[in-house]
Amino acid sequence: MRAICIHGHFYQPPREDPWLDEVLKDPTAAPAHDWNHRVADECYVPNSASRLVNNENKITYITNNYQHLNFNIGPTLHHWIAHYRPDLAGALLEADKNALRENGTSGAIAQAYNHMILPLALPKDINTQIAWGIEDFQFRFGRAPVGMWLPETAANTATLEELAKNGIEYTILAPGQCAAVRNMNGSWVDTPGGQGLDVTRPYRVVLPSGRTMTLIFYHGGIAQGIAFGGLLDSGDRFADSLLASLPRDDEPRLLVVATDGESYGHHHRFGEMALARAFQKLFQVDSSEVTNIEGFLKNNPITWECRIVENSSWSCAHGVERWRSDCGCHTGGEFGWNQKWRAPLREGLDRLRDKIDALFEEHMDPLCYAPWTVRNASIELFLVDWDKPLSTEQLLQQKERFLREHMRNSRAGHSNSQVLALLEAQRMRQFMYTSCGWFFNDVAGIETRQILAYALRATELMRQATGVDLEPEFLADMQEVHGNRTDLATAFAVIQKEIQPNRKSIRDVAAIAALTDCRKNCYGFHIHNETKTFPSGDITLRASRLHAIDPRTLEKWQGTAVVFSSGALDDICRLSENSSLDEIRLRKEFYQGDLFSFSRYAEDVFKEGPWHLNLLPQELSERIAS
């Protein structure tokens with residue numbers, strides 16, 4: 001059997017604002033709203049309905065490339081797709097089902113959850129990342145995954161052990177990650193830097209526990225050609241390069257190429273069409289077949305073993321140093337820039353992680369029998385079926401059901417909201433290690449800002465849950481993280497200038513809902529807003545009974561709000577935790593008193609505020625201004 005498999009690693013980092021739990025407008029992604037939308041429009045959606053054209057450039061056929069690919073969708077990206085592009089989510093599921101029906105196997109595999117570099121992670125974090133990745137895959141595709149993609153293909157023995165322990169059968173690595181190979185029971189042959197490695201064979205690695213893992217090493221030369229060598233300029237040339245790289249002998253052969261899935265349409269315009277044409281041509285060749293990795297392994301026994309290079313990856317020539325040191329690997333940046341900021345950033349986050357974990361265990365131990373098992377189970381709280389969004393009542397029932405199942409009867413003085421805040425802090429604590437935060441060129445980059453925001457949010461949640469404030473020490477550590485820009489010279493400056501001004505409390509969300517007259521949902525928050533409007537000339541008063549709830553932690557704000565509006569950009573909102581609204585007196589003061597006396601009355605009764613329109617995220621401000 002001579003088989004060809006093309007793997008696409010489709011991934012975007014989590015981009016949700018950690019306070020509002022929604023991806024906000026990003027001007028760098030213009031003309032799209034944000035990078036998720038832009039890459040979806042340029043790549044993910046086109047691959048679900050890729051056009052094939054004839055010599056006259058007329059469309060002759062439309063095909064779903066995912067059905068023929070081996071692929072993984074990053075869980076945080078898949079969460080976003082299910083919410084904002086349900087058509088694409090349906091196409092992915094359809095591709096998986098069609099492949100299973102036609103071939104008995106599918107190329108869809110799982111991914112470790114939020115793209116953490118696992119060889120640099122604590123054992124319990126490796127466990128959680130893999131467990132969450134498996135649970136997310138089962139939720140999306142309705143079956144257990146056979147394979148799993150490791151972020152940046154970063155691997156070591158401990159990571160492979162965790163994969164095997166969780167029932168994962170194979171993963172994909174770069175050729176340079178293979179240290180040595182042998183025919184079963186033969187002599188070991190070293191493969192330094194992938195030299196001498198036959199990548200058309202699957203290999204078995206025997207782990208210290210006695211478990212085994214199947215490793216697939218992709219063809220590095222063709223992968224480079226796809227990403228940087230212009231192979232996607234022609235689907236025919238792409239197919240020819242694959243066919244030419246298959247050995248012609250009687251041994252079963254599997255040629256795998258693996259690249260970022262974004263190559264097919266985002267990095268290379270019309271790359272999805274070249275991919276579709278390559279599949280079309282490959283299907284016409286009798287001497288080989290297009291398959292997925294699971295299908296090949298199902299029908300062909302493995303006859304070779306390998307050893308891996310510990311702490312290695314596909315995108316760093318120095319192993320995994322790109323995510324902890326100034327190794328020289330980076331993307332972008334200006335002449336003379338360095339990445340010395342990487343080490344103190346990781347060290348500062350590690351110190352924060354250890355403090356969060358110690359408090360987590362201290363507060364969870366009296367509440368449950370196994371805190372880290374509960375953390376693993378908490379992924380079910382974030383697996384949202386966007387086709388059937390939960391009402392506020394259903395949300396409360398879901399959280400209560402989870403806590404009953406995993407907690408002891410006594411909460412030892414902890415409210416539901418405090419327990420959920422501890423678990424949400426752990427989710428943020430995982431997200432602050434997303435690999436993109438170290439991948440690029442400076443600590444002020446948008447990817448590093450995002451992980452710093454997650455870290456700051458984690459400190460806030462721990463303060464809510466335990467009363468312990470970890471933020472001052474974290475900020476002190478970030479003062480030692482020096483970048484390359486003079487305007488944002490340290491991670492502390494990035495937090496102070498770019499992140500802290502955009503933090504939002506639940507009172508801020510309530511004020512946003514009042515200012516924008518939001519009646520149902522406001523970003524990631526559930527809102528119930530009963531509003532009455534009192535116009536008077538050019539001035540309008542909106543008075544609301546308002547209830548806001550954060551579905552992640554069940555933190556609530558309930559009370560009344562007034563918005564004093566002239567229809568311009570000088571609207572004012574004030575809040576009161578008093579849930580009763582004296583409409584008669586409010587109306588009387590508004591209509592009969594002068595504006596000065598009414599303002600005094602509002603300040604006396606609605607003591608929180610004022611909030612102005614500058615509170616709103618950019619996209620809301622622009623919408624109101626227009």
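This is a dialogue about reading salt bridges, burial and a helix in a predicted model.

Biologist: How many salt bridges does a search of the whole structure find?

Modeller: The general idea is to look for oppositely charged side chains whose nitrogen and oxygen atoms lie within 4 Å of each other, and in this predicted model a search of the whole structure finds 38 salt bridges.

Biologist: Which residue meets Asp125 in a salt bridge, and where in the chain do the two partners lie?

Modeller: The side chain of Asp125 meets that of Arg429, with 2.6 Å from N to O. The pair links distant parts of the chain, since Asp125 belongs to helix 4 (residues 123–141) and Arg429 to helix 13 (residues 416–431), 304 residues apart.

Biologist: Are Asp125 and Arg429 buried or exposed?

Modeller: Both Asp125 and Arg429 are buried. As for the helix that carries Arg429, helix 13 is mostly covered, with 13 of its 16 residues buried, and from its first C-alpha to its last helix 13 reaches 23 Å, close to the 22 Å expected at 1.5 Å a residue.

Biologist: What does the salt bridge between Asp87 and Arg85 look like, and why is one partner called buried and the other partly exposed?

Modeller: The side chains of Asp87 and Arg85 meet at 3.3 Å, N to O. Burial is judged residue by residue, with buried meaning under 20% relative accessible area and partly exposed lying between that and 50%. Arg85 is therefore buried, because its relative accessible area is 18%, whereas Asp87, at 46%, is partly exposed.

Biologist: Which residues are linked with Arg463 and Glu471 in a network of salt bridges?

Modeller: The network links Arg457, Glu460, Arg463, Asp469, Glu471, Arg503, Asp550 and Arg552. Within it, the side chains of Arg463 and Glu471 meet in a salt bridge of 3.4 Å, N to O. Arg463 is partly exposed, with a relative accessible area of 28%, while Glu471 is buried, with a relative accessible area of 10%.

Biologist: Turning to a residue without charge, why does Thr76 count as buried, and which residues does Thr76 touch?

Modeller: Thr76, which lies in helix 2 (residues 75–84), counts as buried because its relative accessibility is 7%. Leaving aside residues up to four places away in sequence, Thr76 touches Gln12, Pro13, Pro14, Tyr113, Asn114 and Phe431. One of these contacts, Phe431, falls within helix 13 (residues 416–431), the helix that also holds Arg429.

Notes: Residues numbered from 1 in each chain as written. Predicted model: local features only at pLDDT ≥ 70, side-chain atom pairs only at ≥ 80, totals over all residues. Heavy atoms only, no water. Buried < 20%, exposed > 50% of the residue type's maximum accessible area, 1.4 Å probe, protein only. Helix = DSSP H or I, 4+ residues; strand = E, 2+ residues; numbered from the N terminus. Expected span 1.5 Å × (residues − 1). Contact = heavy atoms within 4.5 Å.
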